[in-house]
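Here is a walk through a model, taken one piece at a time. Please have your viewer open and follow along.

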Amino acid sequence: MLSLIIPTRELDNYLFETVCKYSLSFKNDYEIIIVYDVNNEYQNKRFSDNFIGNIRIKLLHNLIKGLNNALNLG
C-alpha cells in the first residue's frame, strides 16, 4: 500500500488538481492524507463534495500549526 502524506498550509486549486490526477493514475492500494493548517470553508467544501465516499482520500485539519505537527498528525 502506498501512503502519501501531504502537509499544506491551506487547500487550494493546485492541490485539488494534483489529488484528482493521483487518484486517477493509481491502480493499486493507496491512501492520500492531506493535513492542512488554515480552514477555508469554500475549499474544504470543494474537497469534501468531490471526494465524498472515497475512503482513500482523507482531510485532516491541523490545529497546531507547523510542518512537524502536520507530519505527526498524518
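The paragraphs below cover confidence, aromatic rings and one helix.

This is a predicted model, so local features need pLDDT of at least 70 and side-chain atom pairs count only at pLDDT 80 or more, while totals for chains, interfaces and linings use all residues. Residues are numbered from 1 along each chain as its sequence is written, and side-chain values use heavy atoms, with hydrogens and water left out.

Let's begin with confidence. The chain has a mean pLDDT (the predictor's confidence in each residue, from 0 to 100) of 81, and 96% of its residues reach 70 or more. Among the elements, β2 has the highest mean, 86, and helix α3 (residues 67-73) the lowest, 71. Helices (H or I, at least four residues) and strands (E, at least two) are DSSP runs, numbered from the N terminus.

Now for the rings. The structure holds three aromatic pairs. Rings of Phe, Tyr and Trp (its six-membered ring) pair if their centres lie within 6.5 Å; planes under 30 degrees apart count as stacked, over 60 as edge-to-face and the rest as tilted. One of the pairs joins Phe16 and Phe51, tilted at 45° between the planes and 5.6 Å centre to centre. Phe16 lies in helix α1 (residues 13-25) and Phe51 in the loop between α2 (41-50) and β3 (57-61), so this pair ties together parts that are 35 residues apart in sequence. Phe47 and Phe51 have ring centres 6.0 Å apart and planes at 55°, so their pair is tilted. Ring pairs thus link Phe16, Phe47 and Phe51 into a cluster.

How accessible are these rings' residues? Buried means under 20% relative accessible area, exposed over 50%, and partly exposed in between (1.4 Å probe, protein chains only). Phe47 counts as buried at 1% relative accessibility, as do Phe16 at 9% and Phe51 at 11%. Phe16 also has a charged partner: the charged end of Arg46 sits over its ring, 3.9 Å from the centre. The criterion here is NZ of Lys or CZ of Arg within 6 Å of the ring centre and within 35 degrees of the ring normal.

Finally, look down α2. Its residues Gln43, Asn44 and Phe47 are buried. They fall within an arc of 100° (taken from the directions from the helix axis to the C-beta atoms), so they line one face of the helix. The face turned away from that buried side carries the exposed residues Glu41, Tyr42 and Lys45.
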